[in-house]
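These are my notebook entries on a structure that I was asked to examine. I record what I looked up, one topic at a time.

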Protein chains: 2
Amino acid sequence: MTAENRADHRPASPPLTERQEARRRRILNASAQLAARGGFDAVQMREVAEAAGVALGTLYRYFPSKIHLLVATMQDQLQHMHTTLRKRPPAGADPAERVAETLMRAFRALQREPQLADAMVRALTFADRSVSPEVDTVSRLTTAIILDAMGTEHPTPSQLSAVRVIEHTWHSALITWLSGRASIAQVKIDIETVCRLIDLTAPAPAPEPAR
Amino acid sequence: MTAENRADHRPASPPLTERQEARRRRILNASAQLAARGGFDAVQMREVAEAAGVALGTLYRYFPSKIHLLVATMQDQLQHMHTTLRKRPPAGADPAERVAETLMRAFRALQREPQLADAMVRALTFADRSVSPEVDTVSRLTTAIILDAMGTEHPTPSQLSAVRVIEHTWHSALITWLSGRASIAQVKIDIETVCRLIDLTAPAPAPEPAR
DNA sequence: ATCAAGTCTGTAACTTGTTCTAGATTAGCG
DNA sequence: CGCTAATCTAGAACAAGTTACAGACTTGAT
């Protein structure tokens with residue numbers, strides 16, 4: 001929320017007219033809708049273009065690849081989620097609990113549209129260097145959500161590392177669940193497990209006799 | 001190393017003749033070689049087939065998709081690594097150190113062939129349900145490597161969860177490094193951070209007054 | 001209102017993963 | 001050896017992501 005608005009999610013290079021904004025939105029909606037139906041494979045560029053009412057070439061002008069499109073779709077969804085989560089902040093007593101609660105809430109949201117989750121997460125981890133900026137934006141959004149839940153304004157490097165590890169676990173656990181190799185219960189356990197790292201890296205303010 | 005040899009890496013359905021074994025090996029070598037050159041994209045099925053001296057249809061009979069092929073390639077490489085690692089076990093005093101050391105050793109090995117690593121890891125995380133058994137085998141191999149480093153014979157559920165989280169972090173950190181979004185130093189820090197979970201889940205044998 | 005530059009459309013072509021087919025080869029067996 | 005089923009080969013064909021291009025439409029500036 002500070003000055004890092006530069007790469008927020010619109011490169012801002014050309015300001016985009018109203019019609020263009022509308023096209024972009026139609027594309028993202030079409031993408032999300034197709035993804036929600038049949039997952040990654042169902043998001044076919046020709047179909048997205050048709051559903052959004054734009055030509056294939058235009059679709060590619062807005063999103064230079066299917067991966068870019070799906071990562072942008074994820075950005076979009078994450079933004080929704082972030083505002084939704086802010087409305088009812090987690091109630092846990094300590095940061096670890098609150099983060100686990102937040103992530104599980106997000107997880108439940110994803111469970112409602114598993115195919116969409118599949119498409120987005122697969123795209124995210126499959127993205128190569130050419131999508132780095134966009135993936136980074138998603139990562140920053142996720143970090144913001146986690147830090148929000150922690151209630152930490154100025155995280156230490158060690159806390160940031162813990163947050164990164166939590167994100168790693170979050171993505172990877174999601175994938176194992178989506179591909180049917182882990183149960184929901186297992187994901188829950190893993191998230192709770194990794195969240196313990198937060199206590200471990202807390203900057204020992206005053207109470208809590210650790211070791 | 002016990003009785004779970006059943007799904008080791010050969011489905012054992014038809015025992016495979018010598019020539020077939022040789023074909024399979026040629027294919028895996030070709031795959032690894034092409035991957036080492038140009039990463040995921042350079043592993044093109046027609047090229048693999050040609051390099052291995054088999055027809056395209058045959059390649060598909062052995063590995064039903066590019067993802068299957070690359071995941072099998074990873075199995076293969078992991079097996080090498082496992083035996084290599086066993087020759088010189090990690091020297092650290094406590095389990096967390098040893099695991100971190102082992103993973104960093106593996107990481108350095110991957111750094112020597114970053115393109116190969118890219119191809120294998122991308123395939124692994126992109127794999128869908130149809131590849132679950134193979135991905136699971138890779139996962140079991142990784143677990144075995146980590147448990148070896150821990151020196152833990154009979155892990156508790158809580159320890160297994162920690163190991164899963166470590167694997168999640170390992171894969172995901174690898175991806176962020178491969179796509180240029182994290183430095184080697186950051187990967188190191190994240191691995192060391194997540195390895196602290198091992199101490200946290202140790203079954204408190206006698207010393208260590210926690211809380 | 002007019003012109004130039006930039007966008008958008010429709011469509012075809014190209015690439016690479018995947019499938020299919022017809023005809024050779026090979027393996028196992030009597 | 002000679003037969004049969006399975007396997008392998010070569011090559012065409014198909015699918016979906018991506019690129020290319022000619023012509024129509026918008027936009028912004030004069």
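**Entry 1: A salt bridge between chains**

I began with a salt bridge between A:Arg181 and B:Asp136, whose closest N and O atoms are 3.6 Å apart. A salt bridge is here a side-chain nitrogen of Lys or Arg within 4 Å of a carboxyl oxygen of Asp or Glu. I noted the general point that side chains of opposite charge can pair when their charged atoms come close. The pair crosses between chains: A:Arg181 is in the loop between α8 and α9 of chain A, and B:Asp136 is in helix α7 (residues 132-150) of chain B. Helices are DSSP runs of H or I with at least four residues, strands are runs of E with at least two, and both are numbered from the N terminus.

Are these two residues buried, partly exposed or exposed? I use buried for under 20% relative accessible area, exposed for over 50%, and partly exposed in between (1.4 Å probe, protein chains only). A:Arg181 counts as partly exposed because its relative accessibility is 22%. B:Asp136 is also partly exposed, at 27%.

**Entry 2: Basis of the values**

I note that this is a predicted model, in which local features need pLDDT of at least 70, side-chain atom pairs count only at pLDDT 80 or more, and totals for chains, interfaces and linings use all residues. Residues are numbered from 1 along each chain as its sequence is written, chains are lettered from A and ligands numbered from 1 in the order in which they are written, and side-chain values use heavy atoms, with hydrogens and water left out.

**Entry 3: Other salt bridges**

I found 16 salt bridges over all chains. One of them joins A:Lys188 to A:Glu192, with 3.2 Å between the closest N and O atoms. Both residues lie in helix α9 of chain A, four residues apart, about one turn of the helix. A:Lys188 is partly exposed at 37% relative accessibility, and A:Glu192 is partly exposed at 35%.

In chain B, I looked up the salt bridge of B:Arg25 with B:Asp76 (2.9 Å, N to O). B:Arg25 lies in helix α1 and B:Asp76 in helix α4 (residues 66-87) of chain B, so the pair ties together parts that are 51 residues apart in sequence. B:Arg25 is partly exposed, at 36%, whereas B:Asp76 is buried, at 14%.

I also recorded a network of salt bridges that links A:Asp136, A:Arg140 and B:Arg181.

**Entry 4: Chain A against chain B**

How many residues does each chain give to the contact? I found 36 residues from chain A and 36 residues from chain B, where contact means heavy atoms within 4.5 Å. The buried area is about 3,200 Å², and carbon and sulfur atoms give 55% of this area. Buried area is the accessible area (1.4 Å probe) that two parts lose on being put together, summed over both. A:Phe126, A:His168 and A:Arg181 supply 20% of the area that chain A buries against chain B, more than any other three residues.

Four salt bridges are counted between the two chains. In one between A:Asp190 and B:Arg164, the closest N and O atoms are 2.8 Å apart. On the side of chain A that touches chain B, α6 (114-126), α7 (132-150), α8 (157-178) and α9 (184-200) of chain A each give two or more residues. The largest share, 12 residues, comes from α8(A).

**Entry 5: DNA strand C**

I counted 18 residues around DNA strand C, the closest being A:Arg23, A:Ala55, A:Thr58, B:Arg46 and B:Lys66. A residue is near a strand if one of its heavy atoms lies within 4 Å of it. Of the atoms of DNA strand C within 4 Å of the protein, 58% belong to sugar and phosphate. A side-chain N or O atom of A:Thr58 is 2.6 Å from a phosphate oxygen of DNA strand C. For the side chain of B:Gln44, the corresponding distance to a phosphate oxygen of this strand is 3.2 Å.

**Entry 6: DNA strand D**

Around DNA strand D I also found 18 residues, and the closest are A:Arg46, A:Lys66, B:Arg23, B:Thr58 and B:Tyr62. An N or O atom in the side chain of A:Lys66 lies 2.9 Å from a phosphate oxygen of DNA strand D. The element that gives the most to the surface near this strand is α3(B), with three residues.

Definitions and conventions. A polar contact is a pair of N or O atoms within 3.5 Å; within protein, one must be able to donate a hydrogen and the other to accept it, and residues adjacent in sequence count only if both atoms are side-chain atoms.
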